[in-house]
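Student: Before accepting any label attached to a model, I should like to see the reasoning behind it. Could we go through the labels one at a time?

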Amino acid sequence: QVQLVESGGGLVQPGGSLRLSCAASGITDMIYEMGWYRQAPGKQRTLVATITSSGITNYADSVKGRFTISRDNAKNTMYLQMNSLKPEDTAIYYCKAAAQVQLVPYQTADYWGQGTQVTVSS
């Protein structure tokens with residue numbers, strides 16, 4: 001129903017910046033929240049930031065003040081601006097969309113992108 005494609009990852013030095021993009025396609029009009037998650041080697045996937053369809057944002061404590069999540073509903077694209085990057089930010093970053101899939105009974109579903117690698121190293 002919803003397809004997500006991340007882009008923008010790469011190698012950056014500590015203190016540098018990257019901007020990730022997530023393009024959504026398919027039945028996107030029922031997406032009520034999108035977010036970025038990351039998974040470092042040997043660790044579980046964790047929340048980075050989320051944004052609702054109305055623009056309400058939420059951030060993990062570890063990225064507050066450094067990362068900014070945004071969303072262009074007209075383009076069905078979500079962004080993550082990452083500044084002051086640290087080595088501990090190194091991970092595969094995944095785009096997630098939460099969508100309403102039916103009304104009776106009310107049901108939602110999560111959709112995931114394939115991930116994009118972010119490496120912060122000297």
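Tutor: What follows is a set of questions on a predicted model, each answered by setting a value against its criterion.

Student: Why is the pair of Tyr 37 and Trp 112 called edge-to-face?

Tutor: Two conditions apply: ring centres must lie within 6.5 Å, and planes over 60 degrees apart count as edge-to-face. The centres of Tyr 37 and Trp 112 are 5.1 Å apart and their planes stand at 65°, so the pair is edge-to-face. By this rule the count comes to one aromatic pair.

Student: What makes this a pair that ties together parts apart in sequence?

Tutor: Tyr 37 belongs to strand 4 (residues 31-39) and Trp 112 to strand 10 (residues 107-112), so the pair ties together parts 75 residues apart in sequence.

Student: Are the two rings buried or partly exposed, and how do you know?

Tutor: The label buried requires under 20% relative accessible area, while exposed requires over 50%. Tyr 37, at 13%, therefore counts as buried. Trp 112, at 38%, falls in between and therefore counts as partly exposed.

Student: What makes the charged end of Arg 45 one that sits over a ring?

Tutor: The distance criterion is CZ of Arg within 6 Å of the ring centre, joined to a limit of 35 degrees from the ring normal. The charged end of Arg 45 sits over the ring of Tyr 94 at 3.6 Å from its centre, and also over the ring of Trp 112 at 4.7 Å from its centre.

Student: Which residues make the nonpolar surface patch, and what qualifies Tyr 32 for it?

Tutor: Tyr 32, Leu 103, Val 104 and Tyr 106 make a patch of about 480 Å². Membership requires over 30% relative accessible area. Tyr 32, which is found in strand 4, has 34% relative accessibility and counts as partly exposed.

Student: Why are Arg 66 and Asp 89 said to meet in a salt bridge?

Tutor: Side chains of opposite charge can pair when their charged atoms come close. The cut-off is 4 Å between a side-chain nitrogen and a carboxyl oxygen. The N to O distance for Arg 66 and Asp 89 is 2.7 Å. This pair links distant parts of the chain: Arg 66 is in the loop between strand 6 and strand 7, and Asp 89 is in the loop between strand 8 and strand 9, 23 residues apart.

Student: How do you know whether these two partners are buried or exposed?

Tutor: Arg 66 has 10% relative accessibility and so counts as buried. Asp 89, at 1%, likewise counts as buried. Leaving aside neighbours within four places in sequence, the contacts of Arg 66 include Gln 81, Met 82, Leu 85 and Asp 89.

Student: How many salt bridges does the structure hold, and what are other examples?

Tutor: The structure holds four salt bridges. Lys 64 and Asp 61 meet in one at 3.1 Å, N to O, and both residues are exposed. Asp 110 and Lys 96 form another, with their closest N and O atoms 3.7 Å apart. Asp 110 is in strand 10 and Lys 96 in strand 9, 14 residues apart, and the pair links distant parts of the chain. At 45% relative accessibility Asp 110 counts as partly exposed, whereas Lys 96, at 12%, counts as buried. Salt bridges that share partners also join Arg 38, Arg 66 and Asp 89 into one network.

Student: What is notable in the backbone at Asn 76, Ser 84 and Pro 105?

Tutor: Asn 76 is not a glycine, but has a positive phi of about 55°. Asn 76 lies in the loop between strand 7 and strand 8 (77-82). Ser 84, also other than glycine, has a positive phi near 50°, and its place is in the loop between strand 8 and strand 9. The peptide bond from Val 104 to Pro 105 is cis, with omega near -15°; Pro 105 is in the loop between strand 9 (91-102) and strand 10.

Student: Finally, why is Ala 24 called buried, and what is it in contact with?

Tutor: At 12% relative accessibility, under the 20% limit, Ala 24 counts as buried. Ala 24 is placed in strand 3 (residues 18-26). Leaving aside neighbours within four places in sequence, Ala 24 is in contact with Gln 3, Leu 4, Ile 31, Met 34 and Asn 76. Ala 24 and Thr 77 are 53 residues apart in sequence but 6.0 Å apart in space, C-alpha to C-alpha.

Methods: Residues numbered from 1 in each chain as written. Predicted model: local features only at pLDDT ≥ 70, side-chain atom pairs only at ≥ 80, totals over all residues. Heavy atoms only, no water. Phe/Tyr/Trp six-rings, centres within 6.5 Å; stacked < 30°, edge-to-face > 60°. Helix = DSSP H or I, 4+ residues; strand = E, 2+ residues; numbered from the N terminus. Buried < 20%, exposed > 50% of the residue type's maximum accessible area, 1.4 Å probe, protein only. Patch = residues over 30% accessible without salt bridge, like charges linked within 9 Å, V, L, I, M, F, W, Y side chains within 5 Å. Areas by Shrake-Rupley, 256 points an atom, 1.4 Å probe, with all protein chains shown as cover. Contact = heavy atoms within 4.5 Å.
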